[in-house]
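Biologist: I would like a close look at one part of this model, and then an account of how the rest of the chain is arranged around it. Please take the single position first and the wider setting afterwards.

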Amino acid sequence: MNDAQARPQAKLRKEINELEESKIVEVWQLGLGRKGVIPLWVGESDVVTPPFIRRAAMEALEAGRTFYSYKRGEPELRETLARYINRLHGTAERPAPVSAERITVTSAGMNALMMIMECVIDQGDELVAVTPVWPNIFATAKIMGGVAKQVPLSLGPQGWTLDLDRLFAACGPRTKAMFINSPGNPTGWMIGPDDQRAILDFCRRRGIWLIGDEVYDRFVYDRPAAPSFLSHAEPEDPLIVVNSFSKAWAMTGWRMGWLVTAPSLGETLAKTVEFNTSGTTPFLQHAGVVAVRDGEPFVKEMVERCRIGRDLVFQALSASPRVQMVRPQASFYAFFKVDGIGDTVQFCKHVLMKANVGLAPGEAFGPGGEGCIRLCYANSAERLSEAMGRLLPLLR
Ligand SMILES: Cc1ncc(COP(=O)(O)O)c(C=O)c1O
């Protein structure tokens with residue numbers, strides 16, 4: 001035995017060793033560097049962040065806003081977000097459900113979710129998640145040593161539906177948190193206010209954290225915003241709402257988001273931020289203020305672009321006898337079943353090779369996603385028409 005073999009091995013944590021590669025990434029990697037691919041596999045639009053937001057970041061950078069800053073975010077951004085949330089989600093009974101002290105600015109939605117898990121999930125704790133859902137949430141729970149329990153939505157002629165009894169029955173003594181993403185990635189499912197109230201009430205009674213992922217709340221096609229848990233909650237409820245600049249303002253690369261929590265969680269979150277990122281980049285936060293304050297016309301354009309994309313994709317795919325699909329209510333994904341495909345990863349690889357279109361395999365999103373494919377329609381009509389022209393011959 002040589003010296004190196006005799007030394008004790010430096011080991012990684014079991015939870016990290018066991019992390020699996022995302023199946024979406026598996027397909028995406030195969031397509032990296034391929035010429036002419038139409039990329040509809042990941043959750044972002046083909047729109048560059050608009051100039052007025054980019055300019056605001058450049059001005060703040062020029063002005064020297066390059067120092068460490070407030071852990072929970074610049075006060076101006078937290079105030080601006082509180083006003084925005086109250087405008088969208090205030091009701092006659094609760095005209096201003098959210099104050100700035102409840103807001104924590106984060107380095108995007110992903111970082112917000114990871115920090116929540118750091119705060120609430122102990123070894124062996126359960127996170128109950130409604131699926132099919134964006135798979136990163138399972139990984140965050142696993143990293144903390146938790147277990148993700150999955151409750152699938154059902155797909156019927158009217159679209160995706162949630163069985164509340166089934167959701168509540170899945171919660172046991174080790175359930176620490178429930179995760180609801182609405183509007184949903186990948187399904188486009190949107191929870192209604194009655195179900196929101198029932199779930200919030202259940203979580204209050206059982207002392208379970210309710211994590212509402214509302215990053216697609218603006219992508220709804222018949223009203224200004226999807227229903228939010230915030231409209232029904234008292235400030236000290238065990239509710240944590242996650243949101244992001246990524247989708248509504250086309251800022252995926254900026255890595256900015258926010259959390260709304262009980263005011264009493266503020267100090268805990270300040271410490272959690274300190275030991276993760278120590279705060280979000282100040283010159284980007286200035287651009288965040290401008291995005292939220294002046295960005296409504298842009299958000300409306302984005303939603304309209306997605307509505308056109310949704311209708312185009314729905315019409316094209318519905319023409320294939322092998323495709324089962326309901327018109328998505330919200331978010332910006334088509335999630336459709338294709339008869340006769342078993343392994344959706346293989347199918348997406350086949351589509352990539354034959355048609356040069358990038359799609360995401362349904363099995364990546366947990367129970368309920370079997371046999372399904374996800375396509376992001378937050379793209380130009382020209383790009384989507386070209387993609388449909390290439391894809392449909394493979395669906396005959
Ligand atoms: C449901 C859901 N939540 C959170 C996120 C995180 O977004 P970001 O980290 O870009 O803010 C995404 C990204 O696709 C998502 O689909």
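Is Ser278 buried or exposed, and how many other C-beta atoms lie within 10 Å?

Modeller: This is a predicted model, and in it Ser278 is exposed, because 11 other C-beta atoms lie within 10 Å and the limit for that class is 12 or fewer. The residue lies in the loop between helix H10 (266-274) and helix H11 (282-294), and its phi is positive, about 60°, although Ser278 is not a glycine.

A useful companion is Arg255, which also has a positive phi, near 60°, in a residue other than glycine. Arg255 is found in the loop between E9 and E10, and it is partly exposed, with 19 other C-beta atoms within 10 Å.

The loop that holds Arg255 leads into the sheet, since it runs between E9 and E10. Seven strands form this open sheet, in the order E2-E10-E9-E8-E7-E3-E4 and with mixed pairing. Strand E2 (103-106) and strand E4 (147-152) stand at its edges, and each has a single partner strand, so one side of each is left without a neighbour in the sheet. On average, and with direction ignored, neighbouring strands are turned by 20° against each other. For E2 the partner is strand E10 (residues 257-260), with which it pairs in the antiparallel sense over four bridges; within that pair, Val105 stands opposite Trp258 in E10.

Helices pack on this sheet as well. H6 touches E2, strand E7 (175-181), strand E8 (209-213), strand E9 (239-244) and E10, and its direction makes about 160° with that of E9. Helix H7 (residues 136-143) touches strand E3 (126-131), E4 and E7, with its direction at about 150° to that of E4.

Two loops that follow on from these strands contain a cis peptide bond. One such bond joins Thr131 and Pro132, with omega about -5°, and Pro132 has its place in the loop between E3 and H7. The other runs from Asn185 to Pro186, with omega near 15°, and Pro186 is found in the loop between E7 and helix H9 (193-206).

The ligand brings us back to H6. Thirteen residues surround the ligand, and the closest are Ala108, Gly109, Met110, Ser244 and Ser246. Helix H6 (residues 108-120) gives the most to this shell, with three residues, and the shell as a whole divides into four nonpolar, eight polar and one charged.

Finally, the chain as a whole. There are 14 helices and 15 strands in it, and its radius of gyration is 21 Å, close to the 21 Å that the globule rule gives for 396 residues, so the chain is as compact as a globular protein of that length. Taken along the principal axes, its C-alpha atoms fill a box of roughly 70 × 55 × 50 Å. Buried residues make up 46% of the 396 residues, and Ser278, being exposed, does not belong to that group. Of the contacts with a separation of 6 or more, 75% are accounted for by residues 24 or more positions apart.

Definitions and conventions
Residues are numbered from 1 along each chain as its sequence is written. This is a predicted model: local features need pLDDT of at least 70, side-chain atom pairs count only at pLDDT 80 or more; totals for chains, interfaces and linings use all residues. A residue is near a molecule or strand if its C-beta atom, placed from the backbone, lies within 6 Å of it. Ala, Val, Leu, Ile, Met, Phe, Trp, Tyr, Cys and Pro count as nonpolar, Asp, Glu, Lys and Arg as charged, and the others, Gly among them, as polar. Two strands pair if DSSP finds at least two bridges between them. Axes are lines fitted to C-alpha atoms, for helices over the stretch in contact, and angles run from 0 to 180 degrees between N-to-C directions. Two residues are in contact if their C-beta atoms, placed from the backbone, lie within 7 Å. The radius of gyration is taken over C-alpha atoms; the globule rule is 2.2 Å times the number of residues to the power 0.38. A residue is buried if 20 or more other C-beta atoms lie within 10 Å of its own, exposed if 12 or fewer, and partly exposed in between; C-beta atoms are placed from the backbone.
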